[in-house]
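Me: Please take a close look at one part of this structure, the surroundings of a single buried residue, and then set that part in the context of the whole chain. Plain wording will do.

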Amino acid sequence: ALPIFLTPRQAIGMAAGFNLTGALMGGAVASTIGKGLVDTNVVTLMTVLWALIAAFAWNIATWWLGLPSSSSHALIGGLCGAALATAHGDWSVLKWNTGLWPKVVLPMFTSPVAGFLLGGLLMFLLFITLHRFTPGVVQSLFGKLQIFSAAWMAHSHGTNDAQKTMGIITLALFTGTKAGTFNDLPPWLHFLRTPTFGGIPAWVKILCAIAMAAGTAAGGWRIIRTLGHRMVKLQPVHGFAAETSAALIIQAASLYGIPLSTTHVISTSIMGVGAMKRFSGVKWTVVERIVWAWIFTLPATGLLGYILARVAEKF
C-alpha cells in the first residue's frame, strides 16, 4: 500500500533512496552469508557462479508468477547446494549447527509468525486508540505517518538484503584470491584481491547499495500488486502498521547477523494487519500460493545449485 500523499513513482524513488542508506550500514549479515553458512575452504569461483545462477533462475520464475518469494533463501539454498556438489556430497561442508539452523532455518519459520502476530497486535492497538476518530482524520494522519514507516521499512530492507549480496561478492573475491586467480591482474585491479575474509571492502558496499537502490527504482510492479492489492486491500493506517512491524523485526535481525527474508516478514505483517481488519478480507488463496513458494525456495534452489555444479564438472 502506498502513502496517499506520494505517487507510485515518488514512493519507489523514496524507497530506493532509503534502501541505499540502509545498505551502507553494518556488515553482520554479509559476514553470515560469506563465511557463516558453508566451509569457505571448499568453495570455488564456480561454486559461487552456480549458486547465483540457481538463485537467479528461481527469482525470475517467481517474479514472473507475481509471487513474493525470498531471494535471500534462494541465494542461501543455491550456495548450499553448489557447495555440497563441490564437496562431492560431503555434508560436513554445511555449517548446520552454527549457521544454517540458528540463522536461516529457524528464523524462516519464526519471523513470519512474528510478522503476523506483531502486525495484528499493532493494528489492534491502533483500532482501540483511534476508534473515536472519524475516517477522514485517520486517513489524513496516517497518510503522512505512512511515509515515515515506509522509509523505515526501506531502510531496514537495505540493511539486511543488500548485505547478502555483499557477502557473496566478498566470498567470491576471497575464493579467487586464495586460488591465485587474481595474481596476474594489472596494478589498477589489485583492489579485487581479498586475502582474508574480514570486513567488507568499501567499494563492494557502495556497489551493492547502488544496485539495491537501482533494483527498487526499476519497479517490481507484479509483486507490488500482489502485496498491496491482491492479498488484502490496505489503507494508510494498515500500511503503517504492517511496515512498522516488519521494519522492527528486520532491523533487529540485521543487528544479530540473521539473513532474514524481508519478503516473508512484510508479507505476513500485511496478513496479520488484514486479518485484524477483517479475517475474510484476506484473500487466502493468494496467501496459499505465496506460502508454497516460500516452502519450496530453499530445497528447490539447493537442488538446482547442486545439479548445475555437478553437471558442470562433467565438462
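Reply: Ala 82 has a relative accessible area of 0%, so this residue counts as buried. The model is a predicted one, and Ala 82 belongs to helix H4. Helix H4 covers residues 71-86 and has the highest mean pLDDT among the elements of the chain, 94.

The contacts of Ala 82 come from two stretches of the sequence. With neighbours within four places in sequence left aside, Ala 82 touches Thr 47, Trp 50 and Ala 51, and also Gly 305, Tyr 306 and Ala 309. Leu 49 can be placed by distance: the C-alpha atoms of Leu 49 and Ala 82 are 8.8 Å apart, with the two positions 33 residues apart in sequence numbering. Of the partners of Ala 82, Gly 305, Tyr 306 and Ala 309 have numbers that fall within helix H11, which spans residues 284-313.

Helix H11 also holds a salt bridge. Glu 313 pairs with Arg 310, and the closest N and O atoms are 3.4 Å apart. The two residues are three apart in helix H11, so about one helical turn separates them. Glu 313 is partly exposed because its relative accessibility is 39%. Arg 310, at 26%, is partly exposed as well.

Back in helix H4, a second residue deserves attention. Ser 72 lies in this helix and is buried, with a relative accessible area of 4%. Its side chain makes a polar contact of 2.4 Å with the side chain of Lys 164. Beyond its neighbours within four places in sequence, Ser 72 is in contact with Asp 161 and Lys 164, and with Pro 259, Leu 260 and Ser 261.

Asp 161 and Lys 164 are themselves paired. Their side chains form a salt bridge with an N to O distance of 2.7 Å. Both residues sit in helix H6 (residues 135-178), three residues apart, about one turn of the helix. Both are buried, whereas Glu 313 and Arg 310 are partly exposed. A search of the whole structure finds two salt bridges. Lys 164 thus has two partners described here: Asp 161 through the salt bridge and Ser 72 through the polar contact.

Pro 259, a contact of Ser 72, also leads to another buried residue. Thr 32, in helix H2 (residues 28-35), is in contact with Pro 259, as well as with Leu 37, Lys 103 and Gly 257, once neighbours within four places are left aside. Thr 32 is buried because its relative accessibility is 5%. A polar atom of the Thr 32 side chain lies 2.6 Å from the backbone oxygen of Gly 257.

Helix H6 has a residue of another kind. Leu 145 lies in this helix and is partly exposed, at 30% relative accessibility. Its C-alpha atom is 7.0 Å from that of Phe 240, although the two are 95 residues apart along the chain.

The surface offers a contrast to these buried positions. Leu 121, Phe 124, Leu 125, Phe 127, Ile 128 and Met 276 make a nonpolar surface patch of about 520 Å². Helix H5 (residues 96-130) supplies the largest share, five residues. Met 276 is in helix H10 (residues 262-277) and is partly exposed, with a relative accessible area of 34%.

For the chain as a whole, the secondary structure consists of eleven helices and zero strands. Buried residues account for 51% of the 315 residues; Ala 82, Ser 72 and Thr 32 are among the buried ones. Of the contacts between residues at least 6 apart in sequence, 85% join residues at least 24 apart. The accessible surface is about 14,600 Å², and carbon and sulfur atoms hold 73% of that area.

Confidence varies along the chain. The mean pLDDT is 86, and 90% of the residues reach 70 or more. Helix H8 (residues 221-230) has the lowest mean pLDDT among the elements, 54, against 94 for helix H4.

Note on methods:
Residues are numbered from 1 along each chain as its sequence is written. This is a predicted model: local features need pLDDT of at least 70, side-chain atom pairs count only at pLDDT 80 or more; totals for chains, interfaces and linings use all residues. Side-chain values use heavy atoms; hydrogens and water are left out. Patches are made of residues with over 30% relative accessible area and no salt bridge: like charges are joined within 9 Å, nonpolar side chains (Val, Leu, Ile, Met, Phe, Trp, Tyr) within 5 Å. Accessible areas come from the Shrake-Rupley method with a 1.4 Å probe; for residues, only the protein chains shown count as cover. A salt bridge is a side-chain nitrogen of Lys or Arg within 4 Å of a carboxyl oxygen of Asp or Glu. Helices (H or I, at least four residues) and strands (E, at least two) are DSSP runs, numbered from the N terminus. Buried means under 20% relative accessible area, exposed over 50%, partly exposed in between (1.4 Å probe, protein chains only). A polar contact is a pair of N or O atoms within 3.5 Å; within protein, one must be able to donate a hydrogen and the other to accept it, and residues adjacent in sequence count only if both atoms are side-chain atoms. Contact means heavy atoms within 4.5 Å. pLDDT is the predictor's confidence in each residue, from 0 to 100.
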